[in-house]
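Hi,

Here is the structure I said I would pass on. Have a look at it first, and then read my notes underneath.

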Amino acid sequence: MAKIDIGNKEFSKAIQNLPYTPNRGIIKKLDAKLFSLDANNVYSYKPEYLAGQEFKSVCELFQRRFGDEVKPSDVLLKVMGLFEYISRKEKPFVKDLQNLAVEIIRDLYNVPDHVDLKAFIEPRIHLDTEQDNNPEPFLDLSLEQKNAMRDEIQKRVILNGLVHGSSMHIWKGVYYLVKDKLDEMNPQLVELYDEFTAGINFQFWMMSPDSIQGAIAGGSQITQGFNKIKFDTPGKPQATVLCKAINFPALLHEVNKGVIDYLICHSIPKQYSKEELAYYYSKADSYENEIWHYLLSPTLWSDLLAVADVDSQEIPKIIMNLSKLSYQTLTEIFRAMMEDPKAARIKLQVWKVI
Amino acid sequence: MNKKQNKLLGSPEDLRNDPELEKGFLNLKQFKFKMSPETLEPLVKPADPEVIPEIVPKKEPEEDSPWNVPGPKVDPTPKGKYIF
């Protein structure tokens, strides 16, 4: 059978000079621009750029933290061992680490008390993170209603990219902010976190997205953490953000995710009925998007940080302002970031994002 | 006040070690519920006003604050089943 023509293989070209090669399934899907986020005008624009930049950064981190000692084929076993070892070393300090994770993220963004952050380290997370896949709440929605929601759904996909992208950024090393405290607990922790986070990050690129999906469908437990926002009252800002993770770096990731997730709630259309909201979340927050957010969205976030060039405490306002823009405007801004950062900065100013 | 109620005025250790109470009233809370408020009152140590935490209502954020997020009708779906 003839090979399917997948165009110019832009992603393959973008990574050809890097020391490692991602999983073939990832390369194929990105070269063909056929992945779960491909209906989005930002992610389908230059996925080779978004993915290429992130893979380059992942390779550099991997080499810096592991040197030549660990082969790519050994990473999975290595991180599994690290996970067990970290759990043992963290055990005497679990409460301190939970408090520290909340303290770091609160300080980073100046999170006020009405956003109640509850963080827990649980090395064995139960699968209470099930997404509600029941279509019943929105079975009665007409095709017209669903079509009318398309732009809002795609807008939330971009904002979800900021949630995931910022959290990957936090995951890679924000624990250095509290290195002194971690060293007091156990001087091995930071080095263990360095290897664990770089190893997991690298591993994302070595796994087939389809096999991850299959493992989940088969009930495999590979969850490292989750977060859930619960607003006290509709229409009011008071909320509880529950975060659970297997260890400290994963908990930092989750608490950050919860906070940015809270901020992007500015974008949730107020006029939607409960049924419409159920459909909107179901489409925009679908778990099948997650692996692609890990691969593509860190670049979206690091580009935003570079172009906006602000202190971390100004980030919440930027997220709010972006959340209030239309899908079309967000597309325009994020596409400009991929092509011309100076032009993108002007757009951020014109749209009063910064 | 009857004999059993009287025993409740003892220390928690006395109560825990009292075989009669254990036999008849395994659950101290249940026993207390049967007592009248007048009997219970002296059992409650008056709280030190200085240590009573002041109940402060959650502060409302400024109108234009990024933290003034209107809670939607349905909470957002949790993210993170796969890896995170």
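Below is what I found, going from the sheet to the helices and then to the two chains.

One thing up front: this is a predicted model.

Let's start with the sheet in chain A. It is open, has three strands in the order 1-3-2, and its pairing is mixed. Strand 1 (115-121) and strand 2 (225-231) of chain A are the edge strands, each pairing on one side only. On average, neighbouring strands here are turned by 15° against each other, if you ignore direction.

If you want to check the register, go to strand 2 and strand 3 (residues 239-245) of chain A, which run antiparallel and are joined by seven bridges. A:G225 sits opposite A:A245, and A:F226 has A:K244 as its bridge partner. Although strand 2 of chain A is an edge strand, six of its seven residues are buried, so the rest of the structure largely encloses it.

What packs on this sheet? That would be helix 11 (residues 248-263) of chain A, which touches strand 1, strand 2 and strand 3 of chain A. The direction of helix 11 makes about 155° with that of strand 3 of chain A.

Helix 11 of chain A also has a helix partner. Its axis and that of helix 5 (residues 94-109) of chain A come within 9 Å and cross at roughly 40°. That angle lies between the cut-offs of 35 and 65 degrees, so helix 5 of chain A counts as oblique to helix 11 of chain A. The crossing of helix 5 and helix 11 of chain A is right-handed. On the helix 5 side, the contact residues include A:L97, A:A101, A:I104 and A:I105, and among those they meet in helix 11 of chain A are A:L251, A:L252 and A:V255. By type, the residues of this contact of helix 5 with helix 11 of chain A come out as eleven nonpolar, two polar and no charged.

Further along, take a look at helix 12 (residues 274-284) of chain A. Its buried residues are A:E276, A:L277, A:A278, A:Y279, A:Y280, A:Y281 and A:A284. They pack against helix 6 (143-148) and helix 7 (150-171) of chain A.

Last, the chain contact. How many residues of chain B are in contact with chain A? There are 22, and they are in contact with 53 residues of chain A. The side of chain B that touches chain A is made up of twelve nonpolar, four polar and six charged residues.

Cheers

Note on methods:
Residues are numbered from 1 along each chain as its sequence is written. Chains are lettered from A and ligands numbered from 1 in the order in which they are written. This is a predicted model: local features need pLDDT of at least 70, side-chain atom pairs count only at pLDDT 80 or more; totals for chains, interfaces and linings use all residues. Two strands pair if DSSP finds at least two bridges between them. Helices (H or I, at least four residues) and strands (E, at least two) are DSSP runs, numbered from the N terminus. Axes are lines fitted to C-alpha atoms, for helices over the stretch in contact, and angles run from 0 to 180 degrees between N-to-C directions. Two residues are in contact if their C-beta atoms, placed from the backbone, lie within 7 Å. Ala, Val, Leu, Ile, Met, Phe, Trp, Tyr, Cys and Pro count as nonpolar, Asp, Glu, Lys and Arg as charged, and the others, Gly among them, as polar. A residue is buried if 20 or more other C-beta atoms lie within 10 Å of its own, exposed if 12 or fewer, and partly exposed in between; C-beta atoms are placed from the backbone. Angles under 35 degrees count as roughly parallel, over 145 as roughly antiparallel, 65 to 115 as roughly perpendicular and the rest as oblique. A crossing is left-handed if the near helix is turned anticlockwise from the far one by less than a right angle, and right-handed if clockwise.
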